[in-house]
Amino acid sequence: MDPYRLPRHAVPSRYDLRLEPDLTTLTFRGEETVALTVAEPTAEIVLNAVELVISEATIENDRGEALRGRASMDEATERCRIDFPSPLAPGAWRLRLTFTGILNDKLRGFYRSSYKDATGAVHLLAATQFEATDARRAFPCWDEPAFKAVFAVTLAIDPALTAVSNTRILDARLEDGRRVISFADTITMSTYLVAFVVGELEATEPVLVGSTAVRVWCVPGKRQLAPFGQEIAAASLRFFEDYYGLPYPGDKLDLLAIPDFAMGAMENLGAITCRETALLVDAGAASHTELERVADVVAHENAHMWFGDLVTMSWWNGIWLNEAFATFMEMLAVDAWKPEWRRWTTFGVSRAAALSVDGLHATRPIEFPVKAPREADAMFDVLTYEKGASVLRMLEQYLGPEVFRDGVRDYLRRHAYANADTGDLWQALGEASRQPIPEVMDGWIFKPGYPLVSARLEGRELVLSQRRFTYLPEPPPGATAPADPGQRWRGPVQLRVNAGGSASAERLLLSDAEARLPLPAGNGAVIVNEGGHGFYRVRYEGELLERLLRRLPELAPIERFNLVNDAWAVAVAGLAPLAEYLDLTARFGDERDRNVWSALLGSFHVLNRIVEPADRPRLAALVRDRAARAFAALGWTARPEEDELTRQLRGDLARVLGTLGDDHAIQDRAAALYAGSADAVDPNVLPALIAVLAHAGDGARYAEFLGRFKSASTPQEEQRYLYALAGFRSRELLGQTLARTINGEIRTQDAPFVTRALLMSVDGRELAWAFVKANWDTMDRQYPKHSLRRMAEGVTGLATPELERDVRAFFTERKIDLGGKALEQFLEQLRVAITLRTREGAALSKYLAGFA
Ligand SMILES: [Zn+2]
């Protein structure tokens, strides 16, 4: 028997499920009746269940046959086998199970979450998180995405509480002192999308989109933070109904903010659950980044209602399509809602993060065969979401947005209420576009990596060549097999040639090692990857780079972003001297685009991790030199005509000058502004002030910020002060922050990320690494399942040769598996930093000698 896939001789079509959670004993009781079709005579039924105790199992049919079964649990395979005394005949049966379970504190399955009210009293609520395979912790079920069924949920709860599930309430009555709430039938859907939340919840008034009521739910006292999330929820629902050409598949749409939540959010049909920071926000007091996060997450989950919920992957290898598509649609919806946010330009930052991991030998293809669902856990990463969304965007731009949309519509209509695979989407897009989609796309989806496209001049010809980009010529010893240098992609390449006063566009499908293109006369600047949609890097050789740098204002922001980002990657990979890149950063003094700056500042942070400590003040001087002009032009005070991105840039520059740049004037001014009226400070600048004050702060400041973290009135304020606790420089204070990551003062949903921030900081990394080593088992026990991986990513910041050796020894000795290729990727990223340090350390030191 396949240990990972359930046998298919009994298939469920409907669950009538009744659960009775008890928030005082932290347990629940359950009963369910599952309508089954038995395909062949069998005396056993196998389904998933874990951490449940099944006390009764019976089965009956309409022919009056009834049997009592004996349930036995196998914790290792998370299965329950029910044996019957005689075989069941093929046909329709009803399986009845009675069971009990626990409301765990691991933020998965049916779990408990806690929060404090204004008086400091602790309250509990119960919530669910089932993806990928944790529905089986709440009720016995066929817990695979292809076993779609209808769910009719009934919850029996304390009458003082409220309950929300996937569908609207049909009936609520009092029974033996419990409030018994019956919810309408769901659509035919997968188990991982079932949800229920029970607690003292408050909701907004509904907003109607067509006939769909959209509400936001939260714990008492936070309803005033709901309007922004509700607005994007309604706007994106409208957008998707129009884009998909299909009505919303649920009967209402609730979004719930849960105080403890392991993921960002979860697309349960009709009952989207979120972290508080991803849904609740004070729109008047939040920065652009904080608002964008809410808009992104809400739009993303909404996109899933069709793509994922209505049409679902057949098995977990298809999870990339769910997530890549929802990420792509999130961009489209937010871009349509707030064009002034220029969401596709900002998406360049996400694409860059994917290019960074995909430039490792230890990368993986977007889609790969998955046997055990556990293997798919490691798919919830930047390659699935960001690379996946990038290649979909590349394809959309290549086919044309309308053709692409038509293909998507056709795919959804054809597979509604059922399951589908990548090939089904390619087929629908192929029919809509009359193009051989798999030929173009398979190299991007089923093969790892991406090309570096080099551009050079040969006389009047532009020569483009492709080879696979990797940071290191060889993988670190003992790791993965080296990347294939002969790998080729079929890549749609868009070019623009700016010559004289005119620009001409060219489009070609790069498929061979090399392509040649005649250029017009004159010293035209050639921009490869016009519009920035391509998932590849460009290296401009010889004079081509200088021509572009001379005409920067003629480039679109995303093109300038890619220019910086690719030049940095080329330098890190040793394909160009670091000094050449550092010279390039001096050409952006007039830059006012926030994303271009994020590429520049990101590279300075990496240099800060590898620079010799003695040179650190000179690196700070270089950062001041590069950023001061732009910040001086913006000033501290927002102007009414400025857009949100410019305001956010002001915050970004103030932050980097006051921290990495160690600018005392900025630090003094930040302290003065912070001490003054907070209302007078732009919401985009306030988070920067907090970060700068932490960087320059002492014990008194730490105590103040700790107090603000604990008494924060919005989720965003709480996060700013929480992460500030990782931004101090005193070892004693950082030690206090580390202790708080495991003593219960910081929620387990946040603690791994705080530790990660400390591992990445040059002031905290030695201390944090020693702490992580000493407390690994405690963290493993306390944190949600996937969080150790997120925390361990911080080791990429431990960029000294001594730390690298110690990191490798620790993971080898402890035989730690973080799932998929995660650990290998982190170790290779660390090696990339060390290699850069070894190769360019002396040159960097020499370069910095000019700064003081
Ligand atoms: Zn998603």
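This short talk walks through the sheets, a buried strand, some helix packing and a few unusual backbone sites of one structure.

Before anything else, please keep in mind that what we are looking at is a predicted model.

Let me begin with the sheets. One of them is an open sheet of eight strands with mixed pairing, and its order reads β5-β4-β8-β2-β1-β11-β14-β13. At its edges stand β5, residues 66–68, and β13, residues 169–175, each of which pairs on one side only. If we ignore direction, neighbouring strands in this sheet are turned by 15° against each other on average. Within the sheet, β11, covering residues 150–157, runs antiparallel to β14, covering residues 178–183, and four bridges join the two; to give you one place to look, Ile 157 has Arg 179 in β14 as its bridge partner.

Another open sheet has four strands, again with mixed pairing, in the order β28-β25-β24-β30. Here the edge strands are β28, residues 514–518, and β30, and each of them pairs on one side only. The average turn between neighbouring strands, with direction ignored, is 25° in this sheet. The pair formed by β24 and β30 is parallel and has four bridges, and you can find Ala 455 standing opposite Tyr 540 in β30.

From here we can move to helix α10, residues 543–550, whose buried residues are Leu 544, Leu 545, Arg 547, Leu 548 and Leu 549. What do the buried residues of α10 pack against? They pack against strands β24, β25, β29 and β30, and also against helices α11 and α12, so that β24, β25 and β30, which we met in the order of the four-stranded sheet, appear again among these partners.

Next comes a strand that is mostly covered, namely β19, residues 253–258, where six of the six residues are buried. In a regular strand the side chains alternate between the two faces of the sheet. In β19 both faces are covered, with Leu 253, Leu 255 and Ala 257 buried on one side and Asp 254, Leu 256 and Ile 258 buried on the other. Strand β18, residues 212–218, pairs with β19 in the parallel sense over four bridges, and Val 214 has Leu 253 as its bridge partner there.

Now to a pair of helices. Helix α8, residues 422–433, packs with helix α9, residues 437–445, at an angle of about 140°, and their axes are 10 Å apart. The two are therefore oblique to each other, since only angles over 145 degrees would count as roughly antiparallel. The crossing of α8 past α9 is right-handed. On the α8 side the contact involves Trp 426, Leu 429, Gly 430 and Ser 433, which meet Ile 437, Pro 438, Met 441, Asp 442 and Ile 445 in α9. Sorted by class, this contact has six nonpolar, two polar and one charged residues.

I will finish with the backbone. A cis peptide bond, with omega of about 5°, joins Glu 131 and Ala 132, and Ala 132 lies in the loop between β10 and β11. Leu 26, although not a glycine, has a positive phi of about 60°; it sits in the loop between β1 and β2 and is partly exposed, with a relative accessible area of 23%. Asp 662, also not a glycine, has a positive phi of about 45°; its place is the loop between α15 and α16, and it is partly exposed, at a relative accessible area of 23%.

Terms used: Residues are numbered from 1 along each chain as its sequence is written. This is a predicted model: local features need pLDDT of at least 70, side-chain atom pairs count only at pLDDT 80 or more; totals for chains, interfaces and linings use all residues. Side-chain values use heavy atoms; hydrogens and water are left out. Axes are lines fitted to C-alpha atoms, for helices over the stretch in contact, and angles run from 0 to 180 degrees between N-to-C directions. Angles under 35 degrees count as roughly parallel, over 145 as roughly antiparallel, 65 to 115 as roughly perpendicular and the rest as oblique. A crossing is left-handed if the near helix is turned anticlockwise from the far one by less than a right angle, and right-handed if clockwise. Contact means heavy atoms within 4.5 Å. Ala, Val, Leu, Ile, Met, Phe, Trp, Tyr, Cys and Pro count as nonpolar, Asp, Glu, Lys and Arg as charged, and the others, Gly among them, as polar. Buried means under 20% relative accessible area, exposed over 50%, partly exposed in between (1.4 Å probe, protein chains only). Two strands pair if DSSP finds at least two bridges between them.
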